[in-house]
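Student: I am new to this structure. Please pick one part and look at it closely with me.

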Amino acid sequence: EESKPKEMFYLMPVVGCKAVMEPNEGKELKGYYYCPVYVTEDRGRTFIFTAQLKTKHNPRKWILGGVAMLLDVESVNEDANKKKDKKD
């Protein structure tokens, strides 16, 4: 849905992934956001695959927001904890 003010990361639940061939290549399904998945925050060479995530909103909302999934959650957690400690 919507992110909270100043919230840069949201921890997703564990997601099971399975590779399948797409029957309709080049044709996008409605109601899905094709989310890029990266190993780390450094986008680019760390790209792995595109996840199809169901959405109630127009996928353009997530594209314009630069939404992506990261697999390196340890560095994200460390950054979040450092910011939290600074506030306290």
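**A residue and its strand**

Tutor: Start with Tyr 33. Leaving out residues up to four places away in sequence, Tyr 33 touches Ala 51, Gln 52, Leu 53, Thr 55, Pro 59, Trp 62, Ile 63 and Val 67. A contact here means heavy atoms within 4.5 Å.

This is a predicted model, in which local features need pLDDT of at least 70, side-chain atom pairs count only at pLDDT 80 or more, and totals for chains, interfaces and linings use all residues. Residues are numbered from 1 along each chain as its sequence is written, and side-chain values use heavy atoms, without hydrogens or water.

Now the strand around Tyr 33. β1 covers residues 32-38. The protein has two helices and three strands (DSSP runs numbered from the N terminus: H or I of at least four residues for helices, E of at least two for strands). Along the sequence they follow the pattern β-β-α-β-α.

How do the strands line up in the sheet? They form an open sheet, in the order β2-β1-β3, and the pairing is mixed. Strands count as paired when DSSP finds at least two bridges between them. β2 (47-54) and β3 (69-70) are the edge strands. Each has a single partner strand, so one side of each is left without a neighbour in the sheet.

Take the β2 side first. β1 and β2 run antiparallel to each other, with seven bridges. Tyr 34 has Gln 52 in β2 as its bridge partner. Tyr 32 stands opposite Lys 54 in β2. Gln 52 also appears among the contacts of Tyr 33.

Now turn to β3. Here β1 pairs in the parallel sense, over two bridges. Val 37 is bridged to Met 69 in β3.

Is β1 enclosed or open? Six of its seven residues are buried (under 20% relative accessible area with a 1.4 Å probe, protein chains only), so β1 is largely enclosed by the rest of the structure. Across the protein, buried residues make up 14% of the 88 residues.

Next, look at the side chains. The largest nonpolar core holds six residues: Tyr 33, Cys 35, Val 37, Ala 51, Trp 62 and Met 69. Such a core is a set of buried Ala, Val, Leu, Ile, Met, Phe, Trp, Tyr and Cys residues joined through side-chain atoms within 4.5 Å. β1 gives the most to this core, with three residues. In a regular strand, side chains alternate between the two faces of the sheet. Two other core members, Ala 51 and Trp 62, are contacts of Tyr 33.

Finish with Met 69. This residue sits in strand β3. Met 69 is buried, with a relative accessible area of 17%. Setting aside neighbours within four places in sequence, Met 69 is in contact with Cys 35, Pro 36, Val 37, Tyr 38 and Leu 53. Leu 53 also touches Tyr 33.

Met 69 also has a partner to check far back along the chain. Phe 9 and Met 69 are 60 residues apart in the chain, yet 9.5 Å separates their C-alpha atoms. Now the protein as a whole. Of contacts between residues at least 6 apart in sequence, 49% join residues at least 24 apart.

To recap: β1 pairs with β2 in the antiparallel sense and with β3 in the parallel sense. Tyr 33 and Met 69 both belong to the largest nonpolar core.

Key: Buried means under 20% relative accessible area, exposed over 50%, partly exposed in between (1.4 Å probe, protein chains only).
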